[in-house]
Amino acid sequence: MMKMSTVSSSSSPAKTTSLTEEKNKLKEKKDQSNAMVSSYWGSRDRGLLGRMDRVAMELLHVPKTFADKVAYRTVKLLRIPTDLFFKRRYGCRAMMLETVAAVPGMVGGVLLHLRSLRKFEQSGGWIKALLEEAENERMHLMTMVELVQPKWYERLLVLAVQGVFFNAYFVLYVLSPKLAHRVVGYLEEEAIHSYTEYLKDLNEGRIENVSAPAIAIDYWRLPKDATLKDVITVIRADEAHHRDVNHFASDIHFQGKELKESPAPVGYH
């Protein structure tokens, strides 16, 4: 009996250790499968990338109210000088676009943050959602800079455009958040159009489909053999998400509600 007891007690720690190791392995696998990706669309699945490419153009917001039409026409007017300056130089165009696109999320997020501090209230996740949007757009810019080396006059143009746009959007958001978000929604629709044309030129061979820069592969967790086409595809899908978030935010305001009353779509970037 004593011998049996000794065997049992000696094997128990080993069994416990084995179970612990197995649990650790399972936990590690689960952590890897649930790992936070830097983008809602980040994926190593080429098939998924193709499906995202088809989805990106499906949802467009038709302007209905007077404010919608003002926002829509404003964005269309802003597109004219961009078309004249960049024409079909979509790499440079995207670089300029992203220096502007990264502003609204930061402005909205900061203003909501300050409001939350003043009123001791929750934001419903909208602070995080908007700041995530700003960071995601910034990473678009960092990626495009790797692909397109901006010239000195383009850098000066960035300084001028960002200075004007930041202040204009700040004032607009303070006066009318619903109009501000609607403007961004339409800006994102224009971004989708630009990236669609970028993809068209890539498919037709007008632009060389070079290897994806390392920063893009790491950020979106793309395959190691990912190309520029893969990068533009995921960026366009990101823009589609930003479009939907901002139109959703504007709709909430148009219903006479505050953003905190409707949970924000967080965790996508």
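A residue is called partly exposed here when its relative accessible area lies between the limits for buried, under 20%, and exposed, over 50%. By that rule leucine 157, at 29% relative accessibility, counts as partly exposed, and this residue is a convenient place to enter the structure, which is a predicted model.

Before the details, a word on confidence is in order. The protein averages a pLDDT of 80, and 77% of the residues score at least 70. Over residues 1–11 the pLDDT is below 50, and this stretch has 0 contacts in the model beyond near neighbours in sequence. Residues 30–49 also have a pLDDT below 50, but here the model contains 39 contacts beyond near neighbours in sequence.

Leucine 157 sits in helix 6, and, if residues up to four places away in sequence are set aside, it touches Phe85, Phe86 and Met96. The last of these, methionine 96, is 61 residues away along the chain, while the two C-alpha atoms are separated by 8.4 Å. Helix 6, which covers residues 152–175, also supplies the largest share, 4 residues, of a nonpolar patch. This surface patch is formed by Phe85, Trp152, Tyr153, Leu156 and Leu159, which together have about 580 Å² of accessible area. Tyrosine 153, one of the patch members, lies in helix 6 and is partly exposed, with a relative accessible area of 34%.

From the surface the path leads to a group of annotated positions. An unreviewed UniProt entry places the feature "binding site" at Glu98, Glu137, His140 and Glu239. These positions span 142 residues in sequence, yet no two of their C-alpha atoms are more than 10.3 Å apart, so they gather at one spot. Histidine 140 belongs to helix 5, residues 126–147, and is buried, with a relative accessible area of 0%. Apart from neighbours within four places in sequence, histidine 140 is in contact with Glu98, Trp220, Ile235, Asp238 and Glu239, and Glu98 and Glu239 are among the positions that UniProt lists for the site.

Charged pairs offer another view of the model, in which the count comes to 13 salt bridges. In one of them arginine 182 pairs with aspartate 251, the closest N and O atoms being 2.7 Å apart. Since arginine 182 lies in helix 7 (residues 177–203) and aspartate 251 in helix 9, the pair ties together parts that are 69 residues apart in sequence. Arginine 182 counts as buried at 2% relative accessibility, whereas aspartate 251, at 28%, counts as partly exposed. A further salt bridge joins the side chains of aspartate 244 and arginine 243, at 2.8 Å from N to O; aspartate 244 is partly exposed, with a relative accessible area of 32%, and arginine 243 counts as buried at 2% relative accessibility.

Lysine 260 and glutamate 258 also form a salt bridge, with 3.8 Å between the closest N and O atoms. Both partners count as partly exposed, lysine 260 with a relative accessible area of 36% and glutamate 258 at 31% relative accessibility. Their bridge is part of a network of salt bridges that links Arg115, Glu121, Glu258 and Lys260.

The route ends at serine 262, in the segment after helix 9 (228–254). Serine 262 counts as buried at 15% relative accessibility, and, leaving aside neighbours within four places in sequence, it is in contact with Gly124, Trp126, Phe248 and Ile252.

Methods. Residues numbered from 1 in each chain as written. Heavy atoms only, no water. pLDDT = per-residue confidence, 0-100. Contact = heavy atoms within 4.5 Å. Patch = residues over 30% accessible without salt bridge, like charges linked within 9 Å, V, L, I, M, F, W, Y side chains within 5 Å. Areas by Shrake-Rupley, 256 points an atom, 1.4 Å probe, with all protein chains shown as cover. Salt bridge = Lys/Arg side-chain N within 4 Å of Asp/Glu carboxyl O. Helix = DSSP H or I, 4+ residues; strand = E, 2+ residues; numbered from the N terminus. Buried < 20%, exposed > 50% of the residue type's maximum accessible area, 1.4 Å probe, protein only. UniProt positions renumbered as here; feature names shortened; annotations may be inferred.
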